[in-house]
Amino acid sequence: MDLIDPTDSIDATDPMDAKDAMERLLAERACERLILGFVHRLDLGEPASVAELFTEDGVWQWPHDRRLVKGRDALRRYFGSRPADRLSRRMMSNVLVTVTSPDTAGAISYFTTYRVDGYEGGVIPAGPPVQIGHYEDTFHRVDGTWLLASRTLHLPFGGPTPSPNLPSPQGA
């Protein structure tokens, strides 16, 4: 993944540089909205609908667990199989989008996931996060619309999804 080059300068007085800078900003913002839209749909919407954020041949993968989901239909089935009683909230941060061409971009973003299965409503005590990691994304602009082409999950911190109805461990 390419990082931003801090020596890359834009001459705001040059109309072409200013136009290119605006195009880059618009592309970065569109990609950031995809990153945030993904977690909003998982946490607050219809999980299967995240498939619409991907290209037709989009890929989601978790290399450590050897999960690989290819294509919009497979993505819809995969994310749609999420348990109906799962309550989750993902915190996204450190979103860094790098535009690599007029129609391609990449990003790295960090996430923290709070999640329980067996949720029956109401407020439950907050526990520690069940996942902390980052995504590496690639984006393609298709017919003027930015979409995820691939998302790779990197999960250095993870654990089982708790149930709010289980008794607390002794001494907790």
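## Confidence

This is a predicted model, and its chain averages a pLDDT of 89, with 86% of the residues at 70 or more. The weak spot to keep in mind is residues 167-172, where pLDDT drops below 50. In the model, that stretch makes 0 contacts beyond near neighbours in sequence.

## The sheet at a glance

Let's start with the strand layout. There are 6 strands in an open sheet, and reading across, the order goes E2-E1-E6-E5-E4-E3. The pairing is mixed. At the edges sit strand E2 (67-70) and strand E3 (87-101), each with pairing on one side only. Ignoring direction, neighbouring strands here are turned by 15° against each other on average.

## Around E1

Strand E1 covers residues 54-62 and pairs with E2 in the antiparallel sense, over 4 bridges. These two strands make a hairpin with 4 residues between them, and Arg66 in the turn shows a positive phi of about 55°. On E1's pairing with E6, the sense switches to parallel, again with 4 bridges.

Val59 is a handy residue to look at here. Its bridge partner in E2 is Lys70, while in E6 Val59 stands opposite Ser150. Next along the chain, Trp60 has Val69 of E2 as its bridge partner.

## A helix on the sheet

What packs on the sheet and touches E1, E2 and strand E6 (145-158)? That would be helix H2, residues 72-80. The direction of H2 makes about 50° with that of E1.

## The E3-E4 hairpin

Over at the other edge, E3 runs antiparallel to strand E4 (residues 104-116), and 12 bridges join the two. E3 and E4 form a hairpin as well, this one with 2 residues between the strands. For a pair to click on, try Arg89, which stands opposite Tyr114 in E4.

## Helix H1: a patch and a salt bridge

Helix H1 spans residues 15-44, and Leu25 lies in it. Together with Met22 and Leu26, Leu25 makes a nonpolar surface patch of about 300 Å².

H1 also has a charged pair worth a look. Arg29 and Glu32 both lie in this helix, 3 residues apart, which is about one turn. Their side chains meet in a salt bridge, at 3.5 Å from N to O. Across the structure as a whole, the count of salt bridges comes to 10.

## Quick recap

If you're turning the model around on screen, a good route is to begin at edge strand E2, step to E1 through the antiparallel pairing, and then cross to E6 through the parallel one. From there the sheet order carries on through E5 and E4 to E3. Helix H2 gives you a landmark on the way, as H2 touches E1, E2 and E6. Just don't read much into residues 167-172, given their pLDDT below 50.

How values were computed: Residues numbered from 1 in each chain as written. Predicted model: local features only at pLDDT ≥ 70, side-chain atom pairs only at ≥ 80, totals over all residues. Heavy atoms only, no water. Patch = residues over 30% accessible without salt bridge, like charges linked within 9 Å, V, L, I, M, F, W, Y side chains within 5 Å. Areas by Shrake-Rupley, 256 points an atom, 1.4 Å probe, with all protein chains shown as cover. Salt bridge = Lys/Arg side-chain N within 4 Å of Asp/Glu carboxyl O. Pairing = 2+ DSSP bridges. Axes fitted to C-alpha atoms, helices over the stretch in contact; angles between N-to-C directions. Contact = heavy atoms within 4.5 Å. pLDDT = per-residue confidence, 0-100.
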